[in-house]
Amino acid sequence: MITLINARIPAHQDRQQIEINAAGKIERITEMGGRKKGEKIIDMEGDWLSLGGVDLQINGGLGLAFPDLEITDLEKLDKISDYLGNQGIDGYLPTLVTTSVEKFQKSLSVIAKYIEKQQQENRSSAQVLGVHLEGPFLNYEKRGAHPSQYLLNPSIEAIDKIFGDYLSIVKIITLAPELDSSGTVIKYLSDQGITVSLGHSQASQEIAKKAFLQGAKMVTHAFNAMPPLHHRQPGLLGEAIINREVYCGLIADGQHIHPTMIELLLKASNYHQGIFLVSDALAPIGLGDGVYPWDEREIEVKQGTARLFDGTLAGTTLPLLQGVANLVNWGICDLETAILLATESPRKAIGLAGLSVGQPANFLRWQSASNWERLDFRQHFGL
């Protein structure tokens, strides 16, 4: 048994002590002052302790775009998972942006095989938790950098034809609810246990409200690829903010959304209770600035921001936890809240447990917003 003392845990009052059992899992979390038992006591000296980040929207890594996956890329996926693990990420959803039916199916088959591989090998790297499908059921007018030739109208037939064999690994599907006027697709996906996220959409408040009643529970990259907040037309985002059952993904790179609007959104949404951070990182994450292929086109990365050559914002190459540092450095929230936005909120948004009894003792120890270290006590017990 190992006992960590003087730890600050986000969303807990006062300092805590954590007991870790021989299985490398959290045995007990209590306030300081109780009986401390165990073969070893480690003083956290008041540092914050959290689980690693969970990135629900990441489009590739180390030069490999997830929609371009081939069966020969399993080793490259290992390298991406190792890289993300070293960036403080515990789990992620490879995100497939709009592409051809053939490429969707090929990428899904590779990811399904890779999930099996990770489960068999039990690697100490970031784990693939499933897939986020960001397309093809998007509004043409809000497609952003998505290729228009592959956009489709949502239908149960299209879903079964394109994704049917792989729906079991799909965790999130982003769609424009105005394209599903009857709501049958949203209900069908929700009944399958898939989180429906509204995005790349022109939806009005009324359409969004109906979609949330039909089972949608999330909004993809708030503010981006949707109507802006307006005092007479609240739109999709306005309805999401006032609905306490809905989580919104947020890109905190300073390019996708102005910091003032980020602060407004966080305050209106009760911070981590309605918002989670995503990276929306593209394939060049882990590489330097430069020009890189992106489907049949190219993107240019400058200082971590990726754009098409017509100026369209395509994404970022900054890791998820950079968003934590940004929020604190901009003075928008304290470190405790920023940590929650990257570690606990995304887990809750897809129904995963946060830092609690029974979870693996694999932590991040934070001295500051940009200074953290990985503490994996599973390795102490040879697990």
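This tour moves through a predicted model, from the whole chain to its domain interface and then to individual residues.

**The whole chain**

Begin with the entire protein chain in cartoon representation, where 10 helices and 22 strands are assigned. The radius of gyration is 21 Å, close to the 21 Å that the globule rule gives for 383 residues, so the chain is as compact as a globular protein of that length. Aligned on its principal axes, the set of C-alpha atoms occupies a box of roughly 60 × 50 × 40 Å.

**The two domains**

Next, colour the chain by domain. Select residues 1-47 together with 356-378 for domain 1, and residues 50-348 for domain 2. Domain 1 is thus written as two segments, whereas domain 2 is a single range. Over C-alpha atoms, the centres of domain 1 and domain 2 lie 31 Å apart.

**The interface between the domains**

Now display the residues at which the domains meet: 15 residues of domain 1 are in contact with 19 residues of domain 2. About 1300 Å² is buried between domain 1 and domain 2, and carbon and sulfur atoms account for 64% of that area. Which three residues supply the most of the area that domain 1 buries against domain 2? Select Pro10, Trp366 and Ala369, which together supply 41% of it.

Keep the interface in view and turn to its polar component. Across the interface of domain 1 and domain 2 there are 6 residue pairs in polar contact, with both residues of each pair at pLDDT 80 or more. On the side of domain 1 that touches domain 2, the elements giving two or more residues are strand S21 (362-368) and strand S22 (371-376). Strand S21 gives the most to this side, with 5 residues. Sorted by class, this side of domain 1 has 9 nonpolar, 4 polar and 2 charged residues.

Between domain 1 and domain 2 the count is 1 salt bridge. Show the side chains of aspartate 90 and arginine 374 as sticks; they meet in a salt bridge with an N to O distance of 2.6 Å.

**A salt bridge between two helices**

The structure as a whole holds 13 salt bridges. For one of these, select lysine 117 and aspartate 78, whose closest N and O atoms are 2.5 Å apart. Lysine 117 belongs to helix H2 (residues 101-121) and aspartate 78 to helix H1 (residues 74-86), so placed that the pair links distant parts of the chain, 39 residues apart.

**Two backbone features in loops**

Centre the view on the peptide bond between glycine 135 and proline 136. Is this bond cis or trans? The bond is cis, with omega at about 10°. Proline 136 is located in the loop between strand S11 (131-134) and helix H3 (156-163).

Finally, select alanine 11, in the loop that runs between strand S1 (2-7) and strand S2 (16-20). Although alanine 11 is not a glycine, its phi is positive, at about 75°.

Definitions and conventions. Residues are numbered from 1 along each chain as its sequence is written. This is a predicted model: local features need pLDDT of at least 70, side-chain atom pairs count only at pLDDT 80 or more; totals for chains, interfaces and linings use all residues. Side-chain values use heavy atoms; hydrogens and water are left out. Domain bounds come from an automatic or database domain assignment. Contact means heavy atoms within 4.5 Å. Buried area is the accessible area (1.4 Å probe) that two parts lose on being put together, summed over both. A salt bridge is a side-chain nitrogen of Lys or Arg within 4 Å of a carboxyl oxygen of Asp or Glu. A polar contact is a pair of N or O atoms within 3.5 Å; within protein, one must be able to donate a hydrogen and the other to accept it, and residues adjacent in sequence count only if both atoms are side-chain atoms. Helices (H or I, at least four residues) and strands (E, at least two) are DSSP runs, numbered from the N terminus. Ala, Val, Leu, Ile, Met, Phe, Trp, Tyr, Cys and Pro count as nonpolar, Asp, Glu, Lys and Arg as charged, and the others, Gly among them, as polar. The radius of gyration is taken over C-alpha atoms; the globule rule is 2.2 Å times the number of residues to the power 0.38.
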